Amino acid sequence: MRKIYFLILFVCFFIGLTAPVYSAEHTMSDVFVFSEKNKFGLKEVSTEEVVVEAKYDKIIRLGETSWIIKKKNKFGLMDSDGNYLVEPKYSHCERIFMSLAKLGNDNDYGLHDETGKEVIPHKYSQIEPTFGKMFVTCQ
């Protein structure tokens, strides 16, 4: 029998407690997504210089500070300079509440905020958002 746990997450609480360890040189408004040969990267808005080479299958905005990336069928998170916040090693990714990413492989789903901090550990077979920014988890 699988145990079901209710886990309350107040997104504002986690965002307020998590500050990036470093500050990226480029902010979200400094860059834009471009494509080249069916791959995606980031260019600087003002100069159109390449900041992140076009080597990703997908780049999706996550909150105000990071990007969900897909490379060789694996998902992770990076900042606007191309630094990995979460290595691309997960086969599944879902953006939740615009600033959280559910990442996982089969039975090890976890939740990360936009700074890459793990807010729910990678040990659940299911993590589903409910009303009021709460989550239902199943081990």
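## Strand pairing, H92 and positive phi values

Beyond its neighbours within four places in sequence, H92 contacts F75, K102, L103, G104 and Y109; contact here means heavy atoms within 4.5 Å. This is a predicted model, in which local features need pLDDT of at least 70 and side-chain atom pairs count only at pLDDT 80 or more, while totals for chains, interfaces and linings use all residues. Residues are numbered from 1 along each chain as its sequence is written, and side-chain values use heavy atoms, with hydrogens and water left out.

H92 belongs to strand β9, which covers residues 92-96. Helices (H or I, at least four residues) and strands (E, at least two) are DSSP runs, numbered from the N terminus. H92 counts as partly exposed because its relative accessibility is 27%; buried means under 20% relative accessible area, exposed over 50%, and partly exposed in between, with a 1.4 Å probe and protein chains only. G76 lies 16 residues from H92 along the chain, and their C-alpha atoms are separated by 9.4 Å.

An open sheet is formed by 3 strands in the order β2-β3-β4, with antiparallel pairing. Its edge strands are β2 and β4 (50-56), each of which pairs on one side only. On average, neighbouring strands of this sheet are turned by 20 degrees against each other, direction ignored. For such angles, axes are lines fitted to C-alpha atoms (for helices over the stretch in contact), and angles run from 0 to 180 degrees between N-to-C directions.

Within the sheet, β2 (residues 31-36) and β3 (residues 39-44) pair in the antiparallel sense over 6 bridges. Two strands pair if DSSP finds at least two bridges between them. Opposite F32 stands K43 in β3, and opposite F34 stands G41 in β3. In a regular strand the side chains alternate between the two faces of the sheet.

The hairpin of β2 and β3 has 2 residues between the strands, and K37 takes a positive phi there. Most residues other than glycine have a negative phi, and most peptide bonds are trans. The table lists residues with a positive phi and their places.

| Residue | Phi | Place |
|---|---|---|
| K37 | near 55 degrees | hairpin of β2 and β3 |
| E48 | near 60 degrees | loop between β3 and β4 |
| K72 | near 55 degrees | loop between β6 (66-71) and β7 (74-78) |

Is K72 buried or exposed? K72 is exposed, because its relative accessible area is 70%.
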